[in-house]
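Here's a walk through a structure for someone who likes to know the cut-offs behind the words. Have the viewer open and follow along.

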Protein chains: 2
Amino acid sequence: MAFSVTPPAKPLLDVLSGARRVPPPVWMMRQAGRYLPEYRAVREKAGGFLDLCFTPELAAEVTLQPIRRFGFDAAIIFSDILVVPHALGRAVRFEAGEGPRLDPLDTAEQIAALPTRADAATFAPVYEALRLTRAALDPAVTLLGFCGAPWTVATYMVAGHGTPDQAPARMFAYREPQAFAALIDRLTETSIDYLAAQLQAGADAVQIFDTWAGVLPPREFARWCAAPVRRIVEGVRAKVPGAKIIGFPRGVGALLGDFVERTGVDAVSIDWAAEPAFVRERVQTRVAVQGNLDPLALIAGGDALDRAVDDVLENFGTGRLIFNLGHGIQPQTPIAHVERMLRRVRG
Amino acid sequence: MAFSVTPPAKPLLDVLSGARRVPPPVWMMRQAGRYLPEYRAVREKAGGFLDLCFTPELAAEVTLQPIRRFGFDAAIIFSDILVVPHALGRAVRFEAGEGPRLDPLDTAEQIAALPTRADAATFAPVYEALRLTRAALDPAVTLLGFCGAPWTVATYMVAGHGTPDQAPARMFAYREPQAFAALIDRLTETSIDYLAAQLQAGADAVQIFDTWAGVLPPREFARWCAAPVRRIVEGVRAKVPGAKIIGFPRGVGALLGDFVERTGVDAVSIDWAAEPAFVRERVQTRVAVQGNLDPLALIAGGDALDRAVDDVLENFGTGRLIFNLGHGIQPQTPIAHVERMLRRVRG
């Protein structure tokens, strides 16, 4: 008698596919990070930050650490959004105590000189890390790949570093929209290939981080954020049919409804300042919602943490929810607070 | 025969009172500022920044400068939101090339030790500057007073300086909500007295700047932003019946509807990233809208500026609109671009 093997359920992937789960699946942005002593130990022996990203065994190891410790429902591959400019020939340096540094890219000539195709060798260790992670991972745990959205990656490329308001990229886009469009196009095409290959290497779903989507007026948001993400979603699905994709247009407020309609993502990650009624009515009726605990409440702990966790569950638990933070976990977060959060979410 | 003298219409005040004006009245946040050579000339001879704020003749002079040059529909008294902590005994220092500095206020004991009443002598020059400005101002021009919202002022007091994400005040509020509430209360009470006295000294309306409202989760937004602003609105109107009040909860996205309902303001100033349909439906049906040109579009000039001006007019010109920027004008803005903006707004 023939029998079929049912693959084990993945709660997070189920939510992306339309199911509601109680309790909700849970993971944390930047969960492989400096708040974990076992991460700091690997980080020290890895050399530079990019060495850690580009050494598959080490990247897989730190990706798995928070799963072993906390039993999260998703592992997200350890990497950085700036590997894409790196693969486009823009050297990225991570210096201790500072954010990332690149040579500023702020002329039409420099953008025209970018290579047509990203350097495949740059990405190869990321794909290998995904394969290693998938092989070691409990089948019930969803493995996530990711990239930065073209707009957010471009803000770093243009300025050469992080800025509070992304004025350099915003100004460049106002002054030289055609050149900026060429940069966004190059990043969009590279991101399609990169995310599709991550899925082919073992990622179950991917997330597109648009950390700086919230600084743009609606016209510019539509052009530089929503349209490129839509192209990525369509391009990835053309290569990997049915690919599950989470968008994270941080800080866009009421433009979130627009983002969902325009991009076709399966879920949106929301920041901690999102308005719950708006999200329930305009977003969660269409896609799954991921978020949105304030990382500072997680540092604070105690009653403030409990109340903040309850707010997330009450605000969004009636629909499709993936419990997460509203932004990355911070290095000074006590591990006991993460444990407390998990007990409260899982009941 | 007796005859009544009709006071001249003030287009901006009319909009606050329920009228729609075409073209809309226009002014710019931070319009008395370093982009103007005549401002820089006064600033140089004034000594420190606070000396300029607290010398009535000079404060009135720089308040009037942009009205003379551009014929704006409103003058906003030249001052700073940190005069309130100054009047509560917290020395505020403005050092060249840096933002403001205060001694951090981050214990319950320090907050309990704040004086019950602000030092009236600190505010007296602001009231005198308002009287001088009003006397010199075209009666058709609306004179605005202002203060910072308690939350935003508290973020500077707790941290001692500006921060990108207001983490110090947010964390203090999570960890010591009662002490933080005492600080917010003190600021709220002081702001009521301060705004009412500004109106009595000649201001036609007042604006409450909550620059950092957008960093808070909904529960904290309701407690630390919306509730104190409501108390200020009610307290000011108890002292000055019918007082017209503009709120500016910057960056709150879809919480803007909530803000309008909770606070009772007559208008809201909106940042450049606000979603137009949401604002039209949830905000402009109830109150006037002020905004929201991206200050970077004003620096960029040319087609980018024209299109950005047209977007504001198209997005909000069908209702009650006060044309303004989405945030303060920046020092490097060319004066010719301001003139171009005005021609386009006024047709």
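Start with a ruler for helices: the expected span is 1.5 Å times one less than the number of residues. Helices here are DSSP runs of H or I of at least four residues, strands are runs of E of at least two, and both are numbered from the N terminus. Now try the ruler on helix α16 of chain B, residues 335–346: at 1.5 Å a residue its twelve residues should span 16 Å, and the end C-alpha atoms sit 17 Å apart, so the two agree. Right after α16(B) comes Gly347(B), with a positive phi near 70°.

A quick word on bookkeeping. This is a predicted model, so local features need pLDDT of at least 70 and side-chain atom pairs count only at pLDDT 80 or more, while totals for chains, interfaces and linings use all residues. Residues are numbered from 1 along each chain as its sequence is written, and chains are lettered from A and ligands numbered from 1 in the order in which they are written.

Next, the sheet in chain A. Strands of a sheet pair through backbone hydrogen bonds, either parallel or antiparallel. For the strands here, pairing means that DSSP finds at least two bridges between them. In chain A, seven strands make an open sheet with parallel pairing, in the order β1-β4-β5-β6-β7-β8-β9. Its edge strands are β1 (74–76) and β9, each of which pairs on one side only. From one strand to the next, the twist averages 25°; angles like this run from 0 to 180 degrees between N-to-C directions, with axes fitted as lines to C-alpha atoms, for helices over the stretch in contact.

Zoom in on two of the pairings. Strand β5 (residues 205–210) and strand β6 (residues 245–249) of chain A run parallel and are joined by five bridges, with Gln207(A) opposite Ile246(A). At the β9 edge, β8 (residues 288–293) of chain A also pairs with β9(A) in the parallel sense over five bridges, and there Gln290(A) stands opposite Ile322(A).

Is that edge strand buried or exposed? Counting C-beta atoms placed from the backbone, a residue is buried with 20 or more others within 10 Å of its own, exposed with 12 or fewer, and partly exposed in between. By that count β9(A), residues 321–325, is mostly covered, with five of its five residues buried. Both of its faces are covered: Leu321(A), Phe323(A) and Leu325(A) lie on one side, and Ile322(A) and Asn324(A) on the other.

Chain B has an open sheet too, with seven strands in the order β1-β4-β5-β6-β7-β8-β9 and parallel pairing. The edge strands of this one are β1 (74–76) and β9 (321–325) of chain B, each pairing on one side only. Five bridges join β8 (residues 288–293) of chain B to β9(B), and the two run parallel; Asn292(B) has Asn324(B) as its bridge partner.

Back in chain A, look at how two helices pack. The axes of α15 (residues 302–316) and α16 (residues 335–346) of chain A come within 10 Å and cross at roughly 40°. Angles under 35 degrees count as roughly parallel, over 145 as roughly antiparallel, 65 to 115 as roughly perpendicular and the rest as oblique, so α15(A) and α16(A) are oblique to each other. On the α15(A) side the contact is made by Leu305(A), Asp306(A) and Val309(A), and on the α16(A) side by residues including His337(A), Met341(A) and Val345(A). Contact here means C-beta atoms, placed from the backbone, that lie within 7 Å.

Where do the two chains meet? The contact takes 29 residues from chain B and 29 residues from chain A. Among the helices of chain B that each supply at least two residues to that side are α11 (218–239) and α12 (255–263), while α9(B) gives the most, with five residues.

Finally, some backbone oddities. The peptide bond from Val22(A) to Pro23(A) is cis, with omega near -5°, and Pro23(A) is in the loop between α1 (11–16) and α2 (37–46) of chain A. In chain B, the bond from Val22(B) to Pro23(B) is cis, with omega near -5°. Gln166(A) has a positive phi near 60° without being a glycine; this residue counts as buried because 24 C-beta neighbours lie inside 10 Å. Arg30(B), also not a glycine, has a positive phi of about 65°, and with 18 other C-beta atoms within 10 Å Arg30(B) is partly exposed.

Terms used
Two residues are in contact if their C-beta atoms, placed from the backbone, lie within 7 Å.
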